[in-house]
Amino acid sequence: MSQATIESVLQEKRLFNPPSQFSQESHIKSMEEYQRLYDQAKADPEAFWGQLAEQELHWFQKWDQVLDWQPPFAQWFVGGKLNISYNCLDRHLTPERQDKLALIWEGEPGDSRSFTYAQLHRDVCQMANVLKQLGLKKGDRVGIYMPMIPEAAIAMLACLRIGTPHTVVFGGFSSEALKDRLLDAEAKVVITADGGWRKDAIVPLKEQVDKALAGNSVPSVHSVLVVQRTGQQIGMAPGRDHWWHDLRSGVSADCPAEPMDSEDPAFILYTSGTTGKPKGVVHATGGYNLYTHITTKWVFDLHPSDVFWCTADIGWITGHSYIVYGPLSNGATTVMYEGAPRSSNPGCMWDVVQKYRVTIFYTAPTAIRLFMKMGEHLPKARDLSSLRLLGSVGEPINPAAWMWYHRVIGGERCPIVDTWWQTETGGIMLTPLPGATPTKPGSATYPFPGIVADVVDLDGNPVGDNQGGYLVIKQPWPSMIRMVHGNPDRFRRTYWEHIPPKDGDYLYFSGDGARRDPDGYFWVMGRVDDVINVAGHRLGTMEVESSLVSHPAVAEAAVVGKPSEVKGEEIVAFITLEENYTASDTLAKELKQHVGQEIGALARPGEIKFTEGLPKTRSGKIMRRLLRSLASGQEVTGDTSTLEDRSVLDKLRGGA
Ligand code: WT7
């Protein structure tokens, strides 16, 4: 956040009470009710979660123990057996619900499809049977590299149905990034499509898969299942590649859901961290199912008639939890959209709301700021009266964007839930409950019942009101990260060793800074580590730096975030060149493209600054704090006495 934003947030005094009609009809109707749930959960978490698990999910076998907590390793519903795909599909196949719409899909350019619960169940069973025919066994891992089409959700549910954890790789990632993830997960099968539509152009997904697998570079992959979407010519490797429409014909639509142990991994999702390559966040079946189910129900105050639209891509945790698993587990109608706002169709989002009478809309601040920029005439020209609740996720929402969202999209009648959470938390952690919590623009308000959050210093001591500190979680919760795939050391180091245990509590380190105001409201300020949040996407500085130095011209690279109006943050890369290379606009462009190819367009630096040297400490550590100030054009303040060579700073000031 910029200094100006921090100041405006500190002075934020506006308070918005839930409309009384909304409260009366909601699941959690008042702060008293919230407080009661919160206190119950805190006093006896096992009773609280055990009761919800019993009420809200179907179990093939009940657990023996709600929680086994051997910090930092938690096991939930030990001994219980269930299947997420069963909870999302089979249990809704009742006479009242089987013909309800489960999934509404709006595609590009202009096509649409929808699935009732019965139809979705049939397709998922067929794909699950096809995966079995390809030789998959329980525990094998499957890569999913898909556009935003129904088969993406079908593939995810099919994997969980037969107990083969998926790892979904965002379709905007490069073949290199895809390869890294398939290798780390040792995927056996990849599910993809010939291509996908992105802003009026085709993304050649299958071609990227071919590149990722070229020369048998991921030896574990033996089969590729290809969904036909865009219809262009693609290569099919004999024996390895199969069309979905070929394999599915004549396949049975009956595939019983595999009873999974509650702690069996459900999926792996890669996310960026401070060091090294992205880490594979492992989520477990029972806890993830329960927590995404109950947060969807209470945070979005889900009712049978709702049409729920989360605009994330299924390649991110938001898409996993709040397009697919949370809504379907609740038997809701979920909307999936392949498109994105663009100059050729700037009002497309509002067309979708109008067309399907969307009631709950969940998006990111970066999108809201883009909508603001595109102009309020676009939403105003559509009928948005179906909307009753709005959500925000991905980065701190600045009060100006919050107010615009409230006024223009919400027509001043829809509560806004600003939800803070992470890939690692699996589900929403800090959030208003829309019928209960008075909201303040820019604050994620309070913890969800069962979540014990605090703001502490590096020794684990709570800081005072309005003092900045580290946002931590003090008690285990059902959908918490279980492991960094294949790397228990990294799991401990990243999340559990930054701050020592305090009074017997292990503190989960989120990597975010926050403060709490005198009313107890949490205000998340953004990352305190070397993670940059570009348009709601998380990128590690080191990842981008490694890709830059893999270019022959680059000797050293240091990457920082700089505030950006729409994207929140933008990447600025400081580069020193190898001998024989000279700085030029052409080279800057080439380096940006290089990062785009290595990681994906989302990681492409907005700006490249060539410099003769980087500011380092005497022990050789790059002083990013200085670079951050320089990148955003601020005065370099604070201690610079540890700089090894002070002339570097003067040169950067002058030259960069
Ligand atoms: C990081 C997690 C699961 C959400 C999608 C991104 C930032 C997320 C908020 C919010 C302030 C937020 C944090 C967090 N973040 N939501 N409401 N207010 N910051 O998941 O890629 O794992 O990123 O997104 O910095 O650590 P992710």
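These are my notebook entries on a ligand site, a pocket and some backbone details in this structure.

**Entry 1: the model**
I am working from a predicted model.

**Entry 2: the ligand and its shell**
I looked up which residues come nearest the ligand. There are 17 residues around it, and Asp418, Thr419, Thr423, Asp512 and Arg538 come nearest. I then sorted the shell by class. It has six nonpolar, six polar and five charged residues. Next I asked which elements supply at least two residues of this shell. They are α12 (317–329), β20 (416–419) and β25 (522–527).

**Entry 3: polar contacts of the ligand**
I went through the contacts of ligand nitrogen with the protein. At Asp418, an N or O atom of the side chain is 2.8 Å from a nitrogen atom of the ligand. At Gly394, the partner is a polar backbone atom, and the distance is 3.0 Å. At Glu395, a polar backbone atom is 3.4 Å from a ligand nitrogen. How much of the ligand does the protein bury? Taken alone, the ligand exposes 550 Å², and the protein buries 95% of that.

**Entry 4: the second largest pocket**
I turned to empty space. Rolling a probe the size of a water molecule over the atoms shows where such space is left. The second largest pocket holds about 250 Å³. I noted 13 lining residues. Those nearest its centre are Asp180, Lys277, Glu543, Ser546 and Ile599. Two elements are listed as giving two or more residues to this lining: α8 (175–185) and α18 (541–549). By class, I found six charged, four nonpolar and three polar residues in the lining.

**Entry 5: backbone details**
I checked the backbone next. Most residues other than glycine have a negative phi, and most peptide bonds are trans. I noted three places that depart from this pattern.

- Pro71 and Pro72 are joined by a cis peptide bond, with omega about 0 degrees. Pro72 sits in the loop between β1 (65–70) and β2 (73–78).
- Arg357 has a positive phi, near 50 degrees. I placed Arg357 in the loop between α13 (348–356) and β18 (360–363).
- Asn580 also has a positive phi, near 75 degrees. Asn580 lies in the loop between β29 (568–577) and α19 (585–598).

**Entry 6: exposure of the two positive-phi residues**
Is Arg357 buried, partly exposed or exposed? Its relative accessibility is 40%, so I count Arg357 as partly exposed. Asn580 has a relative accessible area of 80%, so I wrote it down as exposed.

Terms used: Residues numbered from 1 in each chain as written. Predicted model: local features only at pLDDT ≥ 70, side-chain atom pairs only at ≥ 80, totals over all residues. Heavy atoms only, no water. 1 Å grid on protein atoms, 1.4 Å probe; cavity = no way out; pocket = protein on both sides within 12 Å on 5 of 7 lines; lining within 4 Å. Points joined across faces, edges and corners; volume = space filled by probe spheres on them. Helix = DSSP H or I, 4+ residues; strand = E, 2+ residues; numbered from the N terminus. Nonpolar A, V, L, I, M, F, W, Y, C, P; charged D, E, K, R; others polar. Near = heavy atom within 4 Å. Polar contact = N/O pair within 3.5 Å; in protein donor to acceptor, adjacent residues only side chain to side chain. Areas by Shrake-Rupley, 256 points an atom, 1.4 Å probe, with all protein chains shown as cover. Buried < 20%, exposed > 50% of the residue type's maximum accessible area, 1.4 Å probe, protein only.
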